[in-house]
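Trainee: Please take one part of this structure and look at it closely with me. I would like one connected account, with each term explained as it comes up.

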Amino acid sequence: MTTKKLDGKVPEGPIQEKWDKHKFNMKLVNPANKRKFNVIVVGTGLAGASAAASLAELGYNVQSFCIQDSPRRAHSIAAQGGVNAAKNYPNDGDSVWRLFYDTVKGGDYRAREANVYRLAQVANNIIDQCVAQGVPFARDYGGFLANRSFGGAQVSRTFYARGQTGQQLLLGAYSAMMKEVSKGKIKLYTRREMLDLVMVNGKARGIITRNVVTGEIERYAADAVLLCTGGYGNVYFLSTNAMASNCSAAWRAHKRGAYFANPCYTQIHPTCIPVHGDHQSKLTLMSESLRNDGRVWVPKNQDDKRAPNDIPEEDRDYYLERKYPSFGNLVPRDVASRNAKQAVDEGKGVGSTGVAVYLDFRDAIKRDGKDVVAAKYGNLFDMYERITDDDPYQVPMRIYPAVHYTMGGLWVDYNLQSNIPGLFVLGEANFSDHGANRLGASALMQGLADGYFVAPYTLGNYFASEKPEQEKVTTDAPEFEAAHKESRDKLERLLSINGSRTTDDFHRDLGKIMWEYVGMARNEEGLKKAISEIKNLKEQFWKDVKVTGTNTNINTELEKANRVADFLELGELMARDALERRESCGGHFREESQTEENEAKRDDENFAHVAAWEWQGEDTEPLRHVEELSFENVALTQRSYK
Amino acid sequence: MRSFKQIMTSSIVKKQVMGVTGLLLCGFLLSHLAGNCLIYVGSDAFNTYAHTLITNPFIYVAEAILALIFLSHIGLALRLTIENNKARPVNYYMKTPTGRGSTFASSTMPYTGFIILVFLVLHLINFKFGPVYNTQVNGVEMRDLYKTVVEYFQSPLNILWYVFAMLALGIHVSHGFWSAFQSIGFNHPKYNCCLKMASKGFALLVTVGYSALPIFCYFQGAK
Amino acid sequence: MGNNTQSMNIHLKVWRQKDRLDKGNMEDHKMDNVSPDMSFLEMLDVLNEKLVREGKDPIAFDHDCREGICGMCSLMINGQAHGPESETTTCQLHMRKFKNGDTIVVEPWRARAFPVEKDLMVDRSAFDEIIAAGGFVNVNTGNPQDANCLPISKENADLAMDAAACIGCGACVASCKNASAMLFVSAKVSQLALLPQGQVEAEERVQSMVNKMDELGFGNCTNEAECEASCPKGINISNIARMNRDFLKASIVSKS
Ligand SMILES: Cc1cc2nc3c(=O)[nH]c(=O)nc-3n(C[C@H](O)[C@H](O)[C@H](O)COP(=O)(O)OP(=O)(O)OC[C@H]3O[C@@H](n4cnc5c(N)ncnc54)[C@H](O)[C@@H]3O)c2cc1C
Ligand code: HEM
Ligand code: HEM
Ligand code: SF4
Ligand code: F3S
Ligand code: FES
């Protein structure tokens, strides 16, 4: 096997016209024929719910799967900040082009231009669609939609519903989906975990799932499979992701042949509540907006053990303001995160663990008064106090970066189809639109764009041109039989090991390796070490993990072990990808590739491409294919926030 | 099309019928109290009032309507209570009120209602179908209900029972009055606190008003 | 890293039930060294790891986001839905709210419409069925009018958002003495009743959703307001009144 140059199947023509022309050129399925097609949609987050609803409305028969007890609980629900669109309601000079430009630049020039342009184009429809569904976006006194500026954008283009935008958008998509459930066009399968992808004659034709309640392993066949299973941030054990967020669905598809693109691109969010003990199970994000008024600092001296309020001004180091005079505390996420790490590495970290920095509102309170600060951030302050028992009005918050989002994912072409015909990947699970770094309020936009406005067209084109329905496939096919057996054997193997360490023990160890070597700053030596340590850990896992219970009813330990087994493999691939990408870009910072001022340095000559990995078997190294990225509309520049 | 039956058996309409009948009963309580207050004026006034009522040909219609109201209120109360018990077949090992929501009154509606029911039955037996005495007022022959009532309240035990029952009634309506408005859908931030006050005020009026009568009657008999 | 760093000893009484058919019973667990900074669920995680190490079946409970928004976590803690703190989900409840030596009783939500699946996990799919009965605006994906063509007064938008904040956790049902789902249903009905988009189907919606709720075996509301007090998102019972009103109106006037 040799490495390939991948074709993103980007349509010809000027970027503004690509999508419209492509929509026209794509083949259509006759309305009366649509009901002959069955589609499996795995995941009910923004991407999955919006796709399932839209496809069912068109007339396809949809089977929808999720792990939680209700589709409404998918992890998209947790997004706080907002969703972007270039409506230009505030008249501040926004446009589709500017949104496109900002997103490509924000992604540090590692995204496919055409995809990003399409995203910016359909973003406005998303807002219209959501409002029509009854999503209660914030409004001003005239009754019109309110916007705010978010994530360092220079225009106000973010629509929001209090601090619960993800929830409201998801509930909108969920309700659209339940509307189709009531009509019988969607069949819901909740508390199901996808264990494998089934391919027949080289096409994706079904999935194997485990019914989490009964333990039963089930088979479902269809004419196409849509994976909308979210991101893999939980490979780090601690992240802002929900507990059930996992990589398994994508990973099993990868092992069936789907390429995994840019796995090393992870976003580390600078303002999270720090870890406070070994029992910590997840990390909580504090909205980025806090940096608008809070000042980040650490003590100037390493072993300054005074209480924060006793440290006088001259002994404080407001390092972001010092290093980046023009952006100050508002530098992008990756820059803010890396600098916090640096401060902690220098021994200036604060709090009882020494792994945190201060985010101080003293000056804002002095300047604007407590009431003004409370009006802006009251909710967040309350949340902070509930978790830490500290009052941020009195003492500075302690914050530290945490893993938040994964830009990498299964490789897809312009049609959101993976290299496996009939396997489409939507939302955070694919790699497509954010390059090496995602801007705030863009993930919600992408999930809904994929589900409402892209996949419904491109899937129709697949059906009309490939005609998968003409090969009848039932769940009795030998491919289903084999995949079923493999899944069952794997679970039984996990149950039979009966070792001495729990799944969480292994997951925590993996998290430590990942955070240490494949975290905010990476280098060749560390990455090589990570690869070998993860290999070791994986070996031990399969010898020494202890999973109690049986496979015939609810067994949360078995579910976890099954996911961690996949995280162990993905973790290794992430390290490998990071090792091969010998440049710094976006969320991926290679210490070997930095400017004199310790800022990230891209290498456009050698790395302006997507790396898409192909699985080669348990003991063989994976293959790294590339898709070259060409930038015809945006000039490549080095980011600078000085 | 939803049939009438479907509508009437829906949880909300059942509750609304309870609310409306409850409010009508509150109306009855007020007028009954007003009528009974004639006891303070004297036997003749009270007896004449009762006589006028009883001899009015419409009394049967009125009584039938009143009975219907009581019966539907009680019937629905029974039905709701049974259904509600079924809605939680396995009880909690431990259940603690939050202290921020339900009140003593709200959580004891079926019990206070039951006390009122028992009261009502005994009440009718003792008064309406109680000992009949006759008297003449201004030459008109009529039932001396005044005597029946005063005689009944010569027993401190009876007074105690009445006061107790009126306490239950007060508790019942202290939640019920507000609750009926909530059930019908009358809830507005501007008027909510007035309604809750009115509910408590009404309860106080009913309890004090109805409890004072037996005590007054006791002293009337001692004369 | 709170101010209280003293570790605690806790006596847990937890409901164990193998599956839907099992009768179930309370089980006792002693826990030492509970950090006051743990969340309630992290405390259960620690207990579960211990159980696994001992080769025992861990306690099954629902959870996902652990930041109070997905509505997956549940638990009756000392007889209160989501525990003693107001407007706080179980996943956001911290052990510092308890005292050293406390006995804590942990039970699943109990209602006929929420059968126990295992231990502390219940089946809340009844809520999905209610939403499927009408908790949506019948609009297909496509090209609706521009979002700003539909001005909505800030007051109504805010009220709708208050109602829309419901996370579908079921604490209202669990805490209501009648196991009534009125708060949950009224939150959705109100959200859509307050917005112009929801008007067209308003009458049909309230009737179908209430009928579905009744059919699924929830109790009748007797205006207890425990639901509001237990609701982690502070959903107000004025929503119930609004639904009562709309339902009455729909029953009287609607043609369908
Ligand atoms: C705390 C937080 C805040 C955020 N804030 C913002 C923000 O303000 N703006 C923004 O744009 N983005 C934000 N994001 C990012 C954004 O929320 C996510 O990227 C996005 O919602 C992902 O949506 P999705 O549909 O791809 O996947 P998800 O919503 O993660 O859904 C995944 C679905 O797949 C199912 N699933 C997964 N694996 C399996 C399996 N094996 N079998 C069956 N089903 C499976 C799950 O049950 C679930 O239904 C935030 C993220 C976090 C963590
Ligand atoms: C004069 C007598 C009575 C009055 C004025 C009265 C009034 C009311 C009112 C106003 C309500 C509230 C209805 C609502 O919320 O919609 C109510 C509820 C109730 N009543 Fe009565 N009632 C009386 C007698 C009874 C009797 C005799 C019983 C039972 C045997 C009873 C049982 C109940 C019960 C169980 C409720 C609670 C159900 C609920 O809150 O809806 N009541 N009552
Ligand atoms: C101290 C308090 C009360 C006194 C002195 C009192 C007195 C009477 C009397 C004298 C009658 C007989 C009337 C007749 O036969 O024509 C009567 C009837 C009745 N009372 Fe009371 N009453 C009292 C409280 C109540 C209360 C609290 C209720 C309601 C819960 C109630 C409900 C009734 C009813 C339903 C009748 C029958 C009315 C009819 O048949 O027309 N009473 N009462
Ligand atoms: S109304 Fe409140 S308690 Fe009920 S489901 Fe919604 S959020 Fe939970
Ligand atoms: S507690 Fe129950 S009785 Fe009604 S007001 Fe709430 S649903
Ligand atoms: S776990 Fe999501 S709300 Fe508690």
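**Iron sites in chain B, and their setting**

Mentor: B:His123 has a relative accessible area of 15%, so this residue counts as buried, a label used for values under 20%, whereas exposed means over 50% and partly exposed lies in between (1.4 Å probe, protein chains only). Before going further, please keep in mind that this is a predicted model, in which local features need pLDDT of at least 70 and side-chain atom pairs count only at pLDDT 80 or more, while totals for chains, interfaces and linings use all residues. Residues are numbered from 1 along each chain as its sequence is written, chains are lettered from A and ligands numbered from 1 in the order in which they are written, and side-chain values use heavy atoms, with hydrogens and water left out.

B:His123 matters to our reading of ligand 3, where the iron atom has B:His32 and B:His123 as its protein donors, each through its NE2 atom, at 1.9 to 2.1 Å; donors are N, O and S atoms within 2.8 Å of the metal (3.2 Å for Na, K and Ca). B:His32 belongs to helix α2 (residues 11-36) of chain B and B:His123 to helix α7 (residues 109-128) of chain B, so that this pair, 91 residues apart, links distant parts of the chain. The arrangement around the iron atom of ligand 3 is octahedral because its six donor atoms subtend angles of 85 to 179°; six donors earn that name if opposite ones are over 155 degrees apart and all others between 65 and 115. While B:His123 is buried, B:His32 counts as partly exposed because its relative accessibility is 24%.

The iron atom of ligand 2 can be read along similar lines. Its protein donors are the NE2 atoms of B:His73 and B:His172, which lie 2.0 Å from it. Here B:His73 sits in helix α5 (residues 59-86) of chain B and B:His172 in helix α9 (residues 156-184) of chain B, and the two, 99 residues apart, again link distant parts of the chain. Because the six donor atoms around the iron atom of ligand 2 subtend angles of 87 to 179°, this arrangement is octahedral. B:His73 counts as buried because its relative accessibility is 15%, and B:His172 is buried because its relative accessible area is 14%.

Let us now step back to the chain that carries these histidines. Chain B has 10 helices and two strands, which are DSSP runs, helices being H or I with at least four residues and strands E with at least two. Following the sequence, the elements of chain B come in the order α-α-α-α-α-α-α-β-β-α-α-α. Along the principal axes, the C-alpha atoms of chain B fill a box of roughly 60 × 40 × 40 Å, and of its 223 residues, 42% are buried. When contacts (heavy atoms within 4.5 Å) in chain B are taken between residues at least 6 apart in sequence, 74% of them join residues at least 24 apart. Chain B exposes about 12,300 Å², with 73% of this supplied by carbon and sulfur atoms.

For the surroundings, consider the other chains. Chains A and B are joined by no contact, and their closest C-alpha atoms lie 19 Å apart; of the two pairs of chains in contact, chains A and C share the most contacts. Chain C has eight helices and seven strands, and its C-alpha atoms fill a box of roughly 60 × 40 × 35 Å along the principal axes. Of its 256 residues, 69% count as buried, and its accessible surface comes to about 8,300 Å², of which 47% belongs to carbon and sulfur atoms.

Ligand 4 gives us a further site to set beside the iron atoms. It has 13 residues around it, of which C:Cys166, C:Cys169, C:Gly170, C:Cys172 and C:Cys231 come nearest. Helices α4 (171-175) and α5 (182-193) of chain C are the elements that give two or more residues to this shell. By class, the shell around ligand 4 holds 11 nonpolar, two polar and no charged residues. Around ligand 5, the residues include C:Cys176, C:Cys221, C:Glu224 and C:Cys227, and the shell there has five nonpolar, four polar and two charged residues.

Methods: Tetrahedral: all angles 85-135°; square planar, octahedral: opposite > 155°, others 65-115°. Near = heavy atom within 4 Å. Nonpolar A, V, L, I, M, F, W, Y, C, P; charged D, E, K, R; others polar. Areas by Shrake-Rupley, 256 points an atom, 1.4 Å probe, with all protein chains shown as cover.
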